[in-house]
Structures are given as C-alpha cells and as structure tokens.
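The following exercises are to be worked with the sequence and the coordinates at hand. Each task is followed by a stepwise solution.

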Number of protein chains: 2
Amino acid sequence: MRADAERSRRRILDAACEVFLERGPDAPLDAVVRRAGVGPATLYRRFPDREALVRALVTDLLARLAEAAEEARAAEPDPYEALRRFVHAAADLRMGAAIVVLLERLVVDEELAAVRRGTVVAVEGLLGAAREAGRVRADVGMGDLVLLCVRVSRPLPGALAALDADGGLVHRHLDVVLAGLAGSDGPLGVPLGFDEVIAAAGRPGEPGVGE
Amino acid sequence: MRADAERSRRRILDAACEVFLERGPDAPLDAVVRRAGVGPATLYRRFPDREALVRALVTDLLARLAEAAEEARAAEPDPYEALRRFVHAAADLRMGAAIVVLLERLVVDEELAAVRRGTVVAVEGLLGAAREAGRVRADVGMGDLVLLCVRVSRPLPGALAALDADGGLVHRHLDVVLAGLAGSDGPLGVPLGFDEVIAAAGRPGEPGVGE
DNA sequence: GTTATACGGAGAAGTTTTCTCCGTTTCCTT
DNA sequence: AAGGAAACGGAGAAAACTTCTCCGTATAAC
C-alpha cells in the first residue's frame, strides 16, 4: 500500500471516530470526509460503504482498548489505579465511538466477536481486581462501567464541546465519577463555574452540532 | 385559549424535549410532530419557526427547574439530600434538553436571562449549602454539577437508549456520580452486566438514533 | 524519468425536511 | 343543542442535504 493511501486511511478512521461520537452512527459520510480533509472519492474508494468503514473503525478500536487494558494492568500494581488508568485511556481512545457504532450498526461476525471478547475479558479483569481489593463497590458491574464511560466521555453536545477542546474536562469528570462527588480522592483543581459554561457557548456563529 | 389548543401545545413541548435531547437541536421538526402525535400544521401554527419552539421550551423548563430546586430545599433539611433530590428531579425534567438547546440555538434576551438567573441562583444555593456542610468537595463547581448532570442524564445513543426505557439507569448513574464508585453511600441494587448491554442493543430492525 | 496508483472537485440522482393549503372535526357560547 | 369560530390532520410542492461517480491532476515508487 502506498504511503499516501495509508495516511488517508488513518485520517479517515480518526475523523470517523470523532464524527460518529458527536453525531451518532447516522452522521453523513460527507461530514467524515470534511473532517478528514480528504475528497469524497478517497473515502468511497477505501471503504465501499458505511458498513465497511464502521467495521474497520470498530475492529481497530476494540483491539487498541484491549491493549490499553493490558498496559494499565502491567503498569499499575494497585488494582484501583490500574482501572483508573484504563478508564482515562479508554476516553482518549474514544471508546464511546466503538460502543455506539458497534452496537448499532454492525452484524457481529466471528472475527468481531473474538476481538470483542478479548476486550471484555481484559476490562473485566481490571474491574474484578479492583472490586476484590475493595476499592470499587460490589454493586457496580461492567455494564455500569462501560455506560458511565460512554456517558462521561462522549463529547458535550453542540457548542458546549468547545469547553472541552483539549479533553481535560472529560478526565476531570471521569475522576469525579471514579472518586465521587462526596469523596476526596485527589484534588480536581479549580472549580468550573457556570459562567464559563455560558461564556463558552455564548459565541455566536457556531452552526451547532455540525462543523 | 381553547382546551384542545392547550393540549396540543403541551404535547408538542414534551415531544420536543425528548427529541432535542436524543437527536440534538437540529432534529427535524417532523420528528417532533410524529412523537407528539399531531399534524405538522399544528406545530407550525403554534410556533412559527424552530426558534419560537425552542424559546418556549427553554423558558418552560428553566422555570420548572427553579421550582424543583426550591421544592428540594424545602423538603430536605439535610443539604446533601436536598441537592441529591434536585439532581434527580432535574433529570426527570430533562434538564439536558434545556441546556443543550438554550446554549446552542438561542439569543438570550432580557426575559430569558431573568429566568435563567433565577434558576442558577436557586441551584447555586443548593450546591453551596451542601458544600458548606462538607458533604460535597470544595473543588466542584456549578459548571461541573450542570455538565455532569447533562452527561449522565442525556439519553444513551441509539439502541442503547432501550436499556433505560424507564429512566432507572439514569438515576442509578446519578447516584454513582453523587456517591462515587469507590464510596458506599447507599446500595445500587443488582449490578448491570455487559451482557445485558449487548442484549439490549442486539435487537435488529431498530433504525438507530431516529424512531 | 516513467508509470502505476491515489487524489480532489464538480455535479447528477436520490432522499429527507420544511412548510402550506384546505376540507373536516372539535370546542365554546348562547 | 345548535351555530360559528377556532383548531386539527393529511397530502404534497419546494428546498435542502446526502450519496456516490467520473475524470483530469498530482504523488509516490522504481
């Protein structure tokens, strides 16, 4: 495969990740194209239809998530810290995009099921260890973990997304979820005020959810 | 105003709330119409354009939120419980819809600013009291509170929304946010497993984010 | 330097969304 | 309970968006 082709592929996949996360799996492929900065023909040449794109995206992402889980377990001896490290990594990898698009748009074939199983097992290991160590309450399951991650790491809707351009807010809020509003499990820094929310969204001329 | 007109108005507003929350402020008004079970003409007669609908929706919702805050403060002597009660009420009122649509689509005029101020003051009172009582960490601000509520109470994307048909999951996850994963501030009941997530989304034939 | 491969833009075809007209139904008044 | 004003729903024209392809130009490998 030629170098520029590989580069385009990567840019399209990354763009698709962001776009599906923001606008759902029905987002126009045209939006992906624009975000990727490539021509429409390039996308359609590489991925014959939406399904092909989605399948490539999900496979890629699930594999990287499993890797991140292994990496977290290896890097942190403390099970809770390992879980925490993974959750933050998953947000950076845009786990939400994989979940949303996977569950919505894809017939799960043999290959995909295998990749998915690997990821689930790895994350379950992380969660189970933290739970056994008594660092995570027993009445929280994988589904909670995954859904809370999806909820918190999804981009904020519309103009609010500008608040979190660098992703810092996602990590902050993941920490809140992890540590709890009433806890004191590590400082969060300066409180975010409501005025800043207003200010960020007050900028006119932003066409909304789209770009 | 005639009784049937008032009834239509209410149904449209409720439907708009759900639809904007699920699909963002660009959702087709036609989707609102279908969900409300009225004809398109009825919507356009009552609200000349999207902006009129959105403005009515937001004004209505902000006022109800302020009410809910007052009610929570009056009903619960303990400041933390009052905050908790409000947060759950806000989710039921679909606060997310107001925030998203307000910040995105609306020029904030005099009237709207006044309503908004009232709501913010009421909620700030709740949060401040809980913080002073030492029940909420000092490094969490109104912005965090609002954004976390938006994040957690937004409907899950696409088919995942079926998991939470009755809203129970939102309340569960709000409690996680409030109490913290590592805390033990009240039992959450049976853990939600990953399999249930898969099962809920595995149902084919669901056209996705739309209805 | 040559050749095969990939690229971007313009635009046709198909789909979705917006918004109005008008005949029928529902509510209020007397 | 009957008349009249007001509201309703459905069909459909017009506009806006999406999808997807053709083809001349640019880029990478040898």
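**Exercise 1.** What percentage of the 211 residues of chain A count as buried?

*Solution.* The model is predicted: local features need pLDDT of at least 70, side-chain atom pairs count only at pLDDT 80 or more, and totals for chains, interfaces and linings use all residues. Residues are numbered from 1 along each chain as its sequence is written, while chains are lettered from A and ligands numbered from 1 in the order in which they are written. Apply the criterion for a buried residue, namely 20 or more other C-beta atoms, placed from the backbone, within 10 Å of its own. For chain A, the result is 43% of 211 residues.

**Exercise 2.** Determine which elements contribute to the surface near DNA strand C.

*Solution.* First, collect the residues near the strand (C-beta atom, placed from the backbone, within 6 Å of it). There are 21 around DNA strand C, with A:Ser8, A:Gly39, A:Ala41, B:Ala3 and B:Pro28 the closest. Next, assign elements: two or more residues come from each of α1 (3–23) and α3 (40–46) of chain A, and α1 (3–23), α2 (29–36) and α3 (40–46) of chain B. Helices here are DSSP runs of H or I, at least four residues, numbered from the N terminus. Finally, α3(A) gives the most, 4 residues.

**Exercise 3.** Identify the element with the largest share of the surface near DNA strand D.

*Solution.* DNA strand D is surrounded by 21 residues, and the closest include A:Pro28, B:Ser8 and B:Gly39. The largest share, 4 residues, belongs to α3(B).

Methods. A residue is buried if 20 or more other C-beta atoms lie within 10 Å of its own, exposed if 12 or fewer, and partly exposed in between; C-beta atoms are placed from the backbone.
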